[in-house]
Each structure stands twice: as structure tokens, then as C-alpha cells.
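Trainee: Could you show me how to read the cavities in a protein model?
Mentor: Happily! Let's look at one together.

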Amino acid sequence: MQPWARALWPPLAMGVLLVVTWALVDAYGGVIYKGYAVRMFLNLLVVLALQIFSGNSGVLSFGHATFIAMGAYLSALLTIPPEQKTFQFLTMPHWLSSWIFPANLSALEGVLAGAGLAAVVAALLAPPVIRLAGVQAGIATLAILVMDNVFNTQTTSITRGTSTLIGVPQTTTFVSLLIWALIVIAIAYVFKQSRFGLRLRASRENIRAARSVGVHVARERAIAWILSGLVAGAAGALYGHWFVTFSPGDFYINTNGIDLVILPIAMLVIGGMRSVTGAVVGCYFVTIVYTFFNRWEVDGFNGTVSTAPSGTANLVLAATLLVVLILQPRGLSRGKELPWPSEWRLPSVGGIRSRLPSKAAR
């Protein structure tokens with residue numbers, strides 16, 4: 001088999017999985033399961049954005065919801081019909097209203113604008129973030145999220161503060177999310193296989209060794225951070241144009257924002273943060289587990305069985321994630337890309353036992 005075929009196999013296989021999922025849900029899923037699938041595709045974009053930076057650098061980020069919020073708000077401001085902006089943003093500063101009020105961008109232009117703003121802000125935030133690692137980096141990105149939430153809630157003249165932003169045109173469709181997901185899978189995989197991704201992964205494994213062979217760790221992290229912010233900004237714009245109404249709480253650590261702040265991180269870790277395959281697998285796994293128990297909890301699968309107690313879906317999901325992490329600390333994909341079909345092997349009991357310590361070792 002040609003090397004290029006093996007190299008292209010993982011993203012192509014993931015793409016086929018997404019297309020099949022879209023076709024089945026669009027044909028047979030109905031309104032309810034289509035809603036679950038849309039959320040999964042949106043979460044997948046965020047998970048892939050995290051994989052570009054955290055998966056390749058080993059630096060976990062809690063602040064990517066900042067870029068999602070920026071993409072959503074800017075895209076909304078530039079696409080809401082001009083006549084609606086004039087009564088929603090009565091106190092917007094003139095230097096902003098002079099070009100935001102007349103703007104009436106298309107769906108694609110709005111997504112690109114939101115992604116562009118997120119990338120610019122990511123570039124401005126890069127210098128302090130890329131120099132940190134471990135717990136320090138996590139706290140720093142969490143601080144960025146807090147600052148963004150304060151900005152969004154306090155600048156009522158721009159974001160309407162805690163009030164819900166309305167009038168956003170619903171331009172995101174199920175098929176457009178599929179197309180964006182396929183594009184982002186390709187971007188994440190190409191970056192991982194590029195020389196930039198290779199150098200960044202080298203620094204993840206051994207930062208001192210990487211520096212000793214000339215890898216500029218800060219620069220490589222900055223490139224991944226900015227690209228990751230750009231993808232998250234695009235995801236935010238698509239999010240805003242699907243739900244059409246949102247507020248700062250949707251992008252923060254609370255009941256509303258947990259889907260965009262915590263859940264994508266859990267999906268990435270569960271699937272295996274070191275591979276694009278892991279990002280996709282984790283997103284599917286968490287969505288399937290949650291959807292199954294959520295439907296049982298809400299209506300007992302359309303009344304076929306008695307409903308489960310409230311909170312069952314979240315409890316089962318938390319327990320499932322804990323069990324998976326105990327059995328597979330590196331995630332379901334073990335941090336590896338999907339192998340060529342002829343190389344597939346089922347896990348053997350002997351293989352599991354061989355990893356357990358012997359009595360003599362104990």
C-alpha cells in the first residue's frame with residue numbers, strides 16, 4: 001500500500017463517519033435527534049480546536065470558550081439586520097456603531113469575521129500563555145475566561161450584558177456544520193502532520209530535548225494557539241447562527257456554559273487528546289452515552305419505558321468518564337490515529353493481563 005494512502009486514511013475515515021452520521025440523522029433522526037447531532041458537530045469543532053493546541057503541545061486550556069464567545073458576538077453584530085441594531089444597541093459608542101450598524105454581512109463573511117477576531121485576540125494573548133505549562137497554564141487560561149466573562153457581562157452597550165442577544169439570523173444549517181467539521185478535521189490533521197506540529201509534539205514529549213535540537217518552543221506553541229483560536233472563533237459564529245439567541249452565560253462555567261467550557265475538554269481527554277482520531281471518537285462516545293440516558297430521563301424513549309430519575313444522564317456520564325480514564329488513561333484511541341484496516345487488532349485478555357504487575361513485582 002502506498003504511504004500516501006496510509007497517511008490520508010485517518011482523516012478520510014473520520015470524514016466518512018461524519019457524512020454517514022449526517023445522512024442517517026437527516027433521514028431518520030427527526031427534530032429531537034437532529035438537535036443532538038447539531039450539538040455534537042458544534043462540540044466537535046471546539047474539541048478539534050482544543051486538539052490543535054492542547055493535543056499537540058500538552059498544555060491544557062480552559063479558556064477556549066473566550067474565542068467561541070468572540071466569534072459568536074462579532075458575527076452576530078455584523079449580520080443582524082441594521083434596523084434591529086439601532087434599538088438593541090442605543091448606547092453603543094459612535095466609533096463602533098459607525099461601521100457595525102450599516103454592516104449586513106453574509107453567513108460566510110460573518111463566520112470568517114468571527115474567526116478572524118478570535119485569531120487576533122489569540123495572537124495578543126499568546127506571549128504570556130505560551131511561556132507557561134502544567135497547572136500554571138491551566139490557571140492562566142482560566143483567568144482569560146474569567147476576564148472575557150466580565151467583559152461580556154459589563155459592556156452592555158456592545159454585548160447587551162446579561163440580557164439575551166436577539167435578532168441573529170439563523171444561517172447555520174446541519175449540512176453547513178458537516179462541511180465545516182470536514183474542513184476542520186483536515187486542518188487539524190494537516191497541522192499535526194506538518195513540521196510545525198512535529199516540532200510542537202517533540203516539545204510535548206521532552207521540552208529540553210526539543211530545545212537542544214533547535215526547536216523554538218514558544219513560537220511553535222504560539223502558532224498552534226492562534227490557529228486553535230481561529231477554529232474556536234469559527235465554531236462560535238456557527239453556534240450563534242444556529243441558536244440565534246445567546247448571552248454571556250452560554251460561554252462560562254455554569255449550567256448553561258458547561259457544554260462549551262467543560263464538555264469539550266472531557267471529550268478530548270476521553271477520546272485521546274494526542275490524536276485527531278481521539279477528538280472525534282471522544283466526541284461521539286460522550287454524545288452517544290449522554291443522549292441515550294437523557295432520552296430515558298426525559299420521556300422514557302417516547303413512553304416505551306418508565307422515565308429515569310432527573311439527573312441520571314449527568315450521573316451516568318460522569319461515572320462512565322471516570323471508568324474510561326481508569327481503564328484507558330491515554331483515552332479510547334490511546335493517543336493514536338486510526339490504523340489501516342489490515343492492522344486492526346482486537347484487544348486480548350492476555351494483553352491486558354500482561355500489563356498488570358506480577359505477584360513477584362508486588
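Trainee: By class, how many nonpolar, polar and charged residues does the lining of the largest cavity have?
Mentor: Keep in mind that this is a predicted model. To read a lining, sort its residues by class. Here the largest cavity has 4 nonpolar, 1 polar and 2 charged residues in its lining. The residues themselves are R39, L42, N43, Y239, F243, D259 and L260.

Trainee: Which elements each supply at least two residues of that lining of the largest cavity?
Mentor: Match each lining residue to the element that holds it. For the largest cavity, at least two residues each come from α1 (3-57), α11 (217-243) and α12 (258-261). The most comes from α1, which gives 3 residues.

Trainee: What volume does the largest cavity have?
Mentor: Its volume is about 50 Å³.

Trainee: How many cavities of 30 Å³ or more does the structure hold?
Mentor: There are 2 of them. The second largest cavity contains about 40 Å³ of space.

Trainee: Which residues line the second largest cavity?
Mentor: Its lining is made of V46, L50, S61, F62, H64, A65, L260, V261 and I265. Two or more of the lining residues come from each of α1, α2 (64-79) and α12.

Trainee: And how do the residues of that lining divide into nonpolar, polar and charged?
Mentor: Sort them as before: the lining of the second largest cavity has 7 nonpolar and 2 polar residues, with no charged ones. Now find L260 in the picture: this residue lines the largest cavity and also the second largest cavity.

Conventions. Residues are numbered from 1 along each chain as its sequence is written. This is a predicted model: local features need pLDDT of at least 70, side-chain atom pairs count only at pLDDT 80 or more; totals for chains, interfaces and linings use all residues. Side-chain values use heavy atoms; hydrogens and water are left out. On a 1 Å grid over the protein atoms alone, a cavity is a set of points where a 1.4 Å probe fits but cannot get out, and a pocket is an open set with protein on both sides within 12 Å along at least five of seven lines; lining residues have an atom within 4 Å of a point. Grid points are joined across faces, edges and corners, and a volume is the space filled by probe spheres set on the points. Helices (H or I, at least four residues) and strands (E, at least two) are DSSP runs, numbered from the N terminus. Ala, Val, Leu, Ile, Met, Phe, Trp, Tyr, Cys and Pro count as nonpolar, Asp, Glu, Lys and Arg as charged, and the others, Gly among them, as polar.
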